[in-house]
Amino acid sequence: MRLEVLCQDRLGLTRELLDILVSKNIDLRGIELSTRGIHVGDPGIIYLNCPDVEFETFSGLMAQIRQIDGVTDVRKIPFMPSERESTELNAILDTLPDPVISINLKGDIEMANFCALALFKVTVQEIQTYSIFHYIPKLKSAPWFKALASGEVKPKQGKFDEGLLRYRDKITIEGLNYLMDVMPVMIHSDSGEAILASAVIMLKPIVHSETKLTAVPDYNPLGFEHFVGVSNHHQRLVSQAKKLAMLDQPLLIEGETGTGKEMLARACHNRSHRSNEPFLVLSCASMPDDAAETELFGNAPGAFNNDIGHKGIFEQADKGTVFLDEIGEMSPHLQIKLLRFLQDGSFRRVGEENEMHVDVRVIASTKQTLSQLTQSGSFREDLYYRLNVLNLNIPSLRERSSDVLPLVDMFVAKYAQQLGLKVPSYDEQLIEQLTLYPWPGNIRQLENSVLRAMTQLDDDVLKFEHFQLPTLQASRSAFETQSENFTLDGSLDEMMRKHEAQILERLYQSFPSSRKLAKRLEVSHTSIANKLRDYGIRKS
């Protein structure tokens, strides 16, 4: 039970209340005081939190409390003020779109809102099992945490520089970038002394941040937030790329023309610890050996007539990243030179005897399959294994057709702004037709097609005809493409169910409701709803 005692602010009154509780053998779970005035004698309120008692005991307790000198009234209330305030605070915090965590000075987690629990995939009880350093190890480097840990500053002293009172940094959690804002909570004593009590941590996704914080390095816009897609293929690729981006070993990116290999390489560079260093690109296709070797390694003064010499891209990119585009077309002579460089980072400029050493990460890309080129003898096997330490394979657009709609939305919005047009609506069949198109040029072809379509608009509706796609390529059904990878394992019934599930999952992304999909396939809504449930198909 909770009691509210209205009384005068009299010395000793609280002690008399507690004596009554002791005489009746009633435990006190909590007590709160509230003064409604500013002078001694002004009305005040005492809140008591006790276990429930029998009615007879309760009646006697209320009578005794009313007899205390200075008590004007006592009544039973449903909750304590602190309980209401705590519930309101939690309700407010749970509505916030960003994770918020409260910790004590030891780093123990006192409170976490719904977004924080969802971010770390834990319950309220589970998140308090470990300290904040288990979830965010980088927090140990916060200056005032280090000051506390080293004993330089004691919490009760409150002697913190202004620069230590607030700590900001960029961190990565579950593959996403966040701006971490740590705000120490200072409580002032009656004498005005500031005492460090706890801290509140806010995590704001960088992709949603429109401001740059001075304590955080400038954020390069060419990051993973520019990779749009909802398919499992796309999500797996981005998740894996974010992990590999943090490493220093060579990275090989394979994918068809137009899939965005250079964009992915730049995103990996911008996510790594080399992000503030150069990112240089060299195309290995159709470049003479002497020109390519000079571009890569540079040349000494006088190596070519009266040339003063220059640095190659490896030397220019020291501490950064070099992206070798279409590595499969590199000549055998350069392959030998590159192999030597990858061993220890050492090389010689053209026309120079002394070796140089640089710290460069190499990211290579190819639209060909290097393993096949190795087997045919056109690419060195030892170089292949040097480059293929880490590997990313970008799926073609026809393999992730559910990404067509979000990509179209992005490109339409982009070019509508550039052309000064209103964002158009889509024809009823547009997305289905674009989804079934094989897109041999992948995302690059899709983007160019959207731009062409936007220039063909004559009203506010975007139609398939506006894209002017080649008829021969468009006639190839996506279901034919899908059937190429269809296995013949299992019984006839099992094969039919697999094929039916693939069809439904593919179309459900373009017709994202059981009723729309049922209308598209000309079957009953109940039948489609049951099949979606049986196959576990959800909207991406």
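Here is a short walk through this predicted model, from the whole chain to a pair of helices and then to two single residues.

Let's begin with the overall picture. The protein chain holds 23 helices and 20 strands. Of its 540 residues, 43% are buried. Among the contacts in the chain with a separation of 6 or more, 66% join residues 24 or more positions apart.

Now turn to the beginning of the chain, where you can pick out helix 1 (residues 13–23), and then look for helix 2 (residues 55–66). These two helices pack at an angle of about 155°, and their axes lie 10 Å apart. An angle over 145 degrees counts as roughly antiparallel, and helix 1 and helix 2 are therefore roughly antiparallel to each other. Their crossing is right-handed. On the helix 1 side, the contact is made by Leu-17, Ile-20 and Leu-21, while helix 2 contributes Leu-61, Gln-64 and Ile-65. Sorted by character, the residues of this contact comprise 5 nonpolar, 1 polar and no charged.

Next, move along the chain to Arg-380, which sits in the loop between helix 14 (370–376) and helix 15 (381–387). Is this arginine buried or exposed, or something in between? Arg-380 has a relative accessible area of 32%, so it is partly exposed; the band for that label runs between 20% and 50%. Its side chain makes a polar contact of 2.8 Å with the side chain of Asp-382. If you set aside residues up to four places away in sequence, Arg-380 touches Gln-335, Ile-336, Leu-339 and Thr-374. One of these partners, Gln-335, is 45 residues away from Arg-380 in sequence, yet the C-alpha atoms of the two are 7.1 Å apart in space.

Our last stop is Ser-396, in the loop between strand 18 (390–394) and helix 16 (404–419). What is the relative accessible area of Ser-396? The value is 1%, and because buried means under 20%, Ser-396 is buried. The side chain of Ser-396 is joined to that of Glu-399 by a polar contact of 2.9 Å. Beyond its neighbours within four places in sequence, Ser-396 is in contact with Glu-256, Thr-259 and Asn-442.

It may help to view the two loop residues side by side on your screen. Arg-380 is partly exposed, whereas Ser-396 is buried. Each has a side-chain polar contact to follow: Arg-380 with Asp-382, and Ser-396 with Glu-399.

Technical notes. Residues numbered from 1 in each chain as written. Predicted model: local features only at pLDDT ≥ 70, side-chain atom pairs only at ≥ 80, totals over all residues. Heavy atoms only, no water. Axes fitted to C-alpha atoms, helices over the stretch in contact; angles between N-to-C directions. Helix = DSSP H or I, 4+ residues; strand = E, 2+ residues; numbered from the N terminus. Parallel < 35°, antiparallel > 145°, perpendicular 65-115°, else oblique. Left-handed = near helix turned anticlockwise from the far one by under 90°. Contact = heavy atoms within 4.5 Å. Nonpolar A, V, L, I, M, F, W, Y, C, P; charged D, E, K, R; others polar. Buried < 20%, exposed > 50% of the residue type's maximum accessible area, 1.4 Å probe, protein only. Polar contact = N/O pair within 3.5 Å; in protein donor to acceptor, adjacent residues only side chain to side chain.
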